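I opened this notebook to keep track of what I looked up. The entries follow the order in which I went through the model.

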Amino acid sequence: MRARLAWAVVVVAALLAVADTAFTAQYRALFSAENFTEHAWPSVMGAALGSTVMGALIVSRYPRHPIGWLLSIGGIFTAFSLASEAYSLWVTEHGGPGSVSVGGVVGWLSVLTQAPITLATLAAIFLLAPDGHLPSRRWRAVLWTTAVGLLLFFAAVFTVKPTEVVLTSDQKLGVVTQVLWAASILVISSALVASVVALVRRLRRAAGVERQQLRWVASSATALAAGLAFALFAPLVWGETNYFLSLPMFLAYFAFPVCTAVAVLRYRLFDLDLIISRALLLTIATAVVAVGYVLVVIVIGSAVGKGAGGFWPSLLATAVVAMAFQPVRRRVVRLADRVAYGESATPYEALADFSRRLGESPDPSRLLPAVAEAAGGAVNARRATVRLPVPGGSDHVGRWPADEAEAAGGAPVVIPVVDRGETLGTVTVEMPAGRALRAGDTKLLRDLADQAAIAFRNARLSAELALQVEQLDRRTDDLVESRRRLITAGDAERSRLERSIDREVVPHLEPLPSRLEELARSTEGSLDVGRLQPLVAAANAALEALREITRGVFPAQLSRAGLEPALSSLLARNGAGRLVVAGPQRRRHDERVEAAAYFCVAEAVRDVTPPLEVVLSDDGDELRLVVRGCDSGHLSVAHIRDRVESVGGTVTSRTADGSTVLDVCLPARSPAAVTA
């Protein structure tokens with residue numbers, strides 16, 4: 001909806017431009033100095049139409065962007081003012097169709113939509129460019145000042161009756177009208193000056209894309225101000241007024257909406273610095289050639305006298321100027337680049353400033369940006385990148401400016417930083433598009449790189465030392481963690497042994513004292529062997545359980561028969577569950593692998609509530625053990641993981657259907673086939 005409204009404004013402005021041309025052609029020659037100076041046709045109308053078009057383009061892409069609407073408003077009011085002025089003059093002064101009173105009302109409307117509205121929109125654009133926001137809240141006062149100036153202007157216009165407006169002669173206005181008119185112009189002009197100050201302050205503080213956008217706006221604003229000043233003060237010098245004096249102002253006003261739209265839309269089709277540089281180069285070169293040609297012609301003409309023909313002196317002057325221009329060309333290019341890109345530091349100043357920066361920035365994190373800034377500023381580069389490779393670590397990189405990564409530039413120039421034949425790093429600069437690095441600039445960069453070589457070596461040593469310290473810190477942390485895990489494993493092993501004795505040995509030994517005492521009282525000197533058998537069986541069971549516990553993780557049966565029989569015996573002895581073997585064959589593995597598998601099942605038997613289901617499989621490359629049961633809260637997965645990982649295996653723990661599932665994968669090392 002907003003885009004349609006903006007393009008509707010463009011259509012209305014185009015119709016007003018056609019009407020203005022038609023009305024003006026009825027009483028005045030279109031292509032005449034009078035029409036150009038008094039009615040500003042077609043430059044101002046073209047600028048007004050261009051403003052509406054550029055405003056519609058901005059609104060189409062950013063519907064809420066205020067600059068698009070300001071351009072549309074300023075353009076449509078200017079177009080209406082010019083068209084209504086042309087019609088009013090045609091009716092009131094040249095007998096056009098319509099009554100004089102109607103022509104006066106239309107002229108009054110033309111005055112009502114005159115230049116103050118355009119100046120107010122310019123002030124607002126300067127304040128809001130390029131992102132549509134004020135630089136800060138305090139600049140709201142400038143917007144309010146602009147609004148007050150417009151109100152004073154409207155009040156001045158409304159003090160004049162529409163039928164009394166005369167556009168072609170000096171009209172005597174009342175005191176109130178004159179005061180309000182002068183006050184409105186003063187207030188709007190003050191707001192416009194303040195907005196220009198805001199634009200300049202924002203340009204000085206901006207960087208990256210925003211700076212490029214503001215350059216477009218500031219350049220067009222500067223050209224507009226210069227054209228206005230030229231139109232006002234040039235008649236004081238020449239003593240007469242002609243349409244050539246207004247031409248710069250009209251052209252600048254025509255270019256203003258185009259530059260503003262380019263800034264807002266961020267079209268990077270042209271490089272403004274390059275345009276300015278080459279325009280200055282052309283202007284200066286033309287001036288040098290023209291002045292040189294005139295001087296040579298005058299000198300030769302005076303020397304040869306009037307008797308000589310004009311062709312040969314002109315030909316000789318052209319040859320002399322052409323030969324003299326080539327030595328001057330370098331100075332002209334340097335002067336144009338200096339005006340466009342800024343003052344370059346002399347080699348001595350650059351080296352002195354760089355030495356100071358090196359002394360202040362020994363840290364690599366501060367040294368590299370300082371080197372990049374010094375290199376980029378010394379040659380007026382668009383971007384500078386400094387890279388310091390660190391053996392065993394990542395490269396350290398410094399950039400200048402930090403937010404210019406997306407800007408387009410020319411081909412990069414890489415300058416190596418070399419010390420004692422070893423390349424320590426690189427300095428890469430990218431010049432603006434269309435501008436090459438001169439021989440003097442290259443020599444200056446090489447001098448900067450040579451001066452930075454010692455600092456680069458110190459920085460690399462510092463970075464390597466910091467990397468080694470970081471590695472030592474990690475190893476220290478690993479040692480501390482390993483010690484903690486050893487202590488934890490020892491505590492867990494003691495706790496496991498205590499629980500195993502308490503569960504497997506103590507139940508057999510605990511009733512023996514009371515039963516022996518009872519047996520001693522009942523026998524009274526005669527020993528009943530039958531009553532001793534249960535006690536002997538309990539003692540033997542306790543001893544067997546104690547032997548099983550003290551054998552550790554590699555019992556004798558595991559060593560003799562292998563993993564499958566040992567696990568079957570373990571589960572049967574404790575009544576914990578059953579063993580499922582996947583595959584018809586079994587084979588022997590490395591004793592450490594078998595011990596780790598046996599340890600996992602033994603831990604599960606001790607700490608998991610029966611019944612257990614143990615699935616053992618061997619695919620030739622991997623020995624897999626899956627243990628399923630209900631965890632009683634004592635199972636130490638970390639303890640099992642340490643034992644499994646020590647032989648290169650992995651273990652995962654998950655919960656499925658209310659049961660805890662341990663999935664252990666072990667490498668099948670040193671296999672030896674065994675028949676069942």
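Entry one, a hairpin. I am working with a predicted model. I began with the hairpin of E9 and E10, where two residues lie between the strands and Asp657 has a positive phi near 55°. Strand E9 covers residues 650–656, strand E10 covers residues 659–667, and the two run antiparallel with seven bridges between them. I also looked up the partner of Ala656, and the bridge leads to Ser659 in E10.

Entry two, a helix. Which residues of helix H21 are buried? I found His639, Ile640 and Val644 in that list, for a helix that spans residues 637–645. These residues cover an arc of only 130° around the axis, so they sit on the same side of H21.

Entry three, the nonpolar cores. I looked up the largest nonpolar core and noted 44 residues, with Ile67, Leu71, Phe126 and Leu199 having the most contacts inside it. Several helices supply at least two residues each to this core, among them H1 (2–25), H4 (66–94), H8 (175–205) and H10 (243–265). The largest share, nine residues, comes from H10. I then noted another core, apart from that one, with 33 residues, including Leu567, Val593, Cys600 and Leu666.

Entry four, one residue of the largest core. What does Phe126 touch, leaving out residues up to four places away in sequence? I wrote down Leu192, Ser195, Val196 and Leu199, then Val217, Ala221 and Phe256.

Entry five, a glutamate. I found Glu430 in strand E4, which spans residues 422–430. Is Glu430 buried or exposed? Its relative accessible area is 16%, and buried means under 20%, so I entered Glu430 as buried. The side chain of Glu430 makes a polar contact with the side chain of Arg383, at 2.3 Å.

Entry six, cysteines. How many disulfides does the structure hold? I recorded zero. I also looked up the accessibility of two cysteines. Cys600 has 0% relative accessibility, so I entered Cys600 as buried. Cys630 has a relative accessible area of 39%, so I entered Cys630 as partly exposed. Cys600 had already come up in entry three, as one of the residues of the core of 33.

Technical notes: Residues are numbered from 1 along each chain as its sequence is written. This is a predicted model: local features need pLDDT of at least 70, side-chain atom pairs count only at pLDDT 80 or more; totals for chains, interfaces and linings use all residues. Side-chain values use heavy atoms; hydrogens and water are left out. A disulfide is a pair of cysteine sulfur atoms within 2.5 Å. Buried means under 20% relative accessible area, exposed over 50%, partly exposed in between (1.4 Å probe, protein chains only). Helices (H or I, at least four residues) and strands (E, at least two) are DSSP runs, numbered from the N terminus. A polar contact is a pair of N or O atoms within 3.5 Å; within protein, one must be able to donate a hydrogen and the other to accept it, and residues adjacent in sequence count only if both atoms are side-chain atoms. The arc is that of the directions from the helix axis to the C-beta atoms. A nonpolar core is a set of buried Ala, Val, Leu, Ile, Met, Phe, Trp, Tyr and Cys residues joined through side-chain atoms within 4.5 Å. Contact means heavy atoms within 4.5 Å. Two strands pair if DSSP finds at least two bridges between them.
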